[in-house]
Every structure is written in C-alpha cells, then in structure tokens.
Amino acid sequence: MKKHKWYILTFLSIILISAVLGILSFLVAEIAFYAQNQYWYFRTVGSKFTQKGCNDFSLYREQFTIPRQKDHIRVIAIGGSTTYGLGVDSSQTWPKLLSAQLNKTFPNRYEVINLGRLGGHLEEFMQNYLHSANVYIPRDRWIEGDRPRNEDFAAWGWKDLSPDIIILAPVVNDTAPDYLYLAESNIGARTAYSILSALRNSQSINSLALGYYLKKTLMVLESRNQQPINEEPYKLDRIRNEYKKNLVKFIKLWDNRPLIYLVGLPLLFNNDDGVKQAQQATQFWNLSNSESLMREVQYMPVLEEIEKTVRYEVAKDMHIPLLEAGHSIKSMPFTQRLRLYTDSVHMNSHGISLNTADIYNQV
C-alpha cells in the first residue's frame, strides 16, 4: 500500500515539476521575445506602441519633416522606383515636378513628399503605414516570410505624416515578381496556409511568442511546399486577385481621411510589340543581349493590362479618382516612345515631365 502511494506521489511530483518547468520556460521565452521583438508584440495586438528605432531616410529620395508645415496642403506620393525616380536627378522626379507646378500656380500652398521606394510594393507600403522600415525586402522574399528586424523600424510611420492628398502609383513590383516566382500550393502548403489563416484570427495566439514562431514556421512550410505554376490563365488570375486584395487593403488603412488618387504610369512595351521592338530597344540601350527584353515584351503588357483593369475596378468600387497617365505616350510609334525610356519600366526626364503634366491636369 505504501509502495503504491509512493508511486502515485512520485508520478504527481513529476507532473508538477514538469508543469512548473514548462511554465517557467514559457515565461522565459516570452520575456526574451518581448525584449528582442517589441514591435511584433504590439503590432499584432493593435497597440499604439511607438518604436524607438532610428529615423534613417536613406531609402527615400529626399529627407522631409514629419510635422506638417502650417497652412500647407500636404501631398504624399507613394510608389516604387518610378516614383522614387530611378535614373534621373532628384529634381526631375514626378513628385518634384508636380510640387514645382503646384507651387507655381498656388504659391506656398502645397508640400509634396516623395515616399517612392526602390522595389516598393503594396505589402511593404502597408508595413510603412505603421512604421517606416529602413531596409529593402523584395516582394518575393516578403511572401516567403522575410521581415525587417526590430532595429530597422523608424519611430514614425506614413500615417504620422497626416496627408491631405495621397497619390498612389504602384507599378509592376506587385505583379512582375508574382509572374516570375508564383507557385502552386500542394497539400502541405495548403494545410500550412489553412492553419495560418485560423491563427491570424486569434488575438491570444498573435500576442504570444509561441504563436509568432509557430506562424513563422508555417510560412516557411507553405513557401517550401510549392511548385511553379505553368498554367498561364490560372497564374494570371492568381496575380490579379492578389494585386486587387493588397490594393484595397492599403487604401482602407487610410479610412477615407485624405483624398486618394490612384495613378497608373505607362510601361514601354504595348500589346502589339514583339521581337522587332525588343531588338530595337537592345540596340538603343547598347545592351549585350536581348534575352531579358524578349521576355519582358511578352509579359509586361499583360501585367500592365491586369493592373489597369484592377485599378479601374478598385477606383469604381471605392469611389476614388483614377488617373491613367501616358495615353499620348502609349499611342506613339515605338521608336519615338523608346526615346522616353531608360529601360522597359523607367523613363528619362522628358518622359517623366509628360507624365507629370498628365497627373497635374487631372488632380
């Protein structure tokens, strides 16, 4: 009898010690996670936590002040490298030219901030709405779960700029990476995605280190259990749906407070361009081979058409103005159009000035 009681007491003691050690381990993990990842803790539960990171402006074309200038109408231009102004002087970006034109017509009334970021995409823009990140993470890596580290966040987010007007001009970065990298989920990836979807709705899971690491693991499992999509119509449909979803989510973040203009900027190649035009562009830019342009002349017009269609649908559904710049440019003969571009996406100063005039005339 005594031996039986000893076994029971020993068993209960083991359970109790294991429970205590488990709770202590859990608490240590939470404390360690909190110390290293404060931003994620508070972002997931919707806190108003202000990150104490650096305020580096190196990813932006020009520095700007977070507080507004008195009696000025603040305009923020959001986009990727076409807004940043890749390949041209900072004085020749379309936000800078727009600022000059606005202040020529309405002296000292407008302040235009260029938030264009090289490689910027809508999912990154949603991150920057809360806290500006000081690192560049391409969309394909973002999809696989890469995120800025705690120390990479500034103490302010785009929301803190309190704009009166937003000119949103996402170009290619949300569709081209998906076209090049999009894969089909097998049963392992779909299972991981289903669990992730369920966890996203759980506030208790979202606020715990255990939940964070579990979600990161599931994201890795999802990305690694995929195969490239070869069926073009299905692939394009996936791209279209993802682009529209992210565009709507980003616009909704602003909760109808500023006036938002949705802008489309023209790409070089049209639907009727082909091998001849790709070869002409190769010679004009003095490239060593035309392999990349041969691919771009095929898929860029398709992606541009998807983006135009989605922009139209979103603008109509959400009752926001739509500005499609470059109609005159797209109707030019290819040799004339080519002289406005430095590659198949980015324009030179002359092309940018034509786009700026279109934007100014419609704003």
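Me: How many bridges join strand 1 to strand 3?
Reply: Bear in mind that this is a predicted model. Strand 1 and strand 3 (residues 165-169) run parallel. One facing pair is G79, which stands opposite A169 in strand 3. As for the bridges joining strand 1 to strand 3, the number is five.

Me: Which residue in strand 2 does R74 stand opposite?
Reply: Strand 2 covers residues 110-114 and runs parallel to strand 1. Five bridges join these two strands. Opposite R74, in strand 2, you'll find E111.

Me: Is strand 1 largely enclosed by the rest of the structure, or open, and how many of its seven residues are buried?
Reply: Let's take the two sides in turn. I73, V75, A77 and G79 are buried on one side, and R74, I76 and I78 are buried on the other, so both faces are covered. In a regular strand the side chains alternate between the two faces of the sheet. Strand 1 (residues 73-79) is therefore largely enclosed, with a buried count of seven of seven.

Me: And helix 5, how many of its nine residues are buried?
Reply: Helix 5 spans residues 122-130. The buried ones are L122, E123, E124, F125, M126, Q127, N128 and Y129. That leaves the helix largely enclosed by the rest of the structure, because the buried count is eight of the nine.

Me: What about Y181, buried or exposed?
Reply: Y181 sits in helix 7 (residues 176-181). To count as exposed, a residue needs over 50% relative accessible area. Y181 comes in at 52%, so the call is exposed.

Me: How far apart in space are Y181 and R139, C-alpha to C-alpha?
Reply: Along the sequence, Y181 and R139 are 42 residues apart. In space, C-alpha to C-alpha, the distance is 9.9 Å.

Me: What is the volume of the largest cavity?
Reply: Rolling a probe the size of a water molecule over the atoms shows where empty space is left. Searching the whole structure turns up three cavities of 30 Å³ or more. For the largest cavity, the volume is about 110 Å³.

Me: Which helices each supply at least two residues of the lining of that largest cavity?
Reply: The lining residues include S81, T82, I352 and N355. S81 and T82 fall in the 81-84 stretch, and I352 and N355 in 349-362. The helices you want are helix 3 and helix 16.

Me: How many charged residues does the lining of the largest cavity have?
Reply: Among the lining residues are L86, W94, L265, P266 and H346. By class, seven are nonpolar and five are polar. The charged count is none.

How values were computed. Residues numbered from 1 in each chain as written. Predicted model: local features only at pLDDT ≥ 70, side-chain atom pairs only at ≥ 80, totals over all residues. Heavy atoms only, no water. 1 Å grid on protein atoms, 1.4 Å probe; cavity = no way out; pocket = protein on both sides within 12 Å on 5 of 7 lines; lining within 4 Å. Points joined across faces, edges and corners; volume = space filled by probe spheres on them. Helix = DSSP H or I, 4+ residues; strand = E, 2+ residues; numbered from the N terminus. Nonpolar A, V, L, I, M, F, W, Y, C, P; charged D, E, K, R; others polar. Buried < 20%, exposed > 50% of the residue type's maximum accessible area, 1.4 Å probe, protein only. Pairing = 2+ DSSP bridges.
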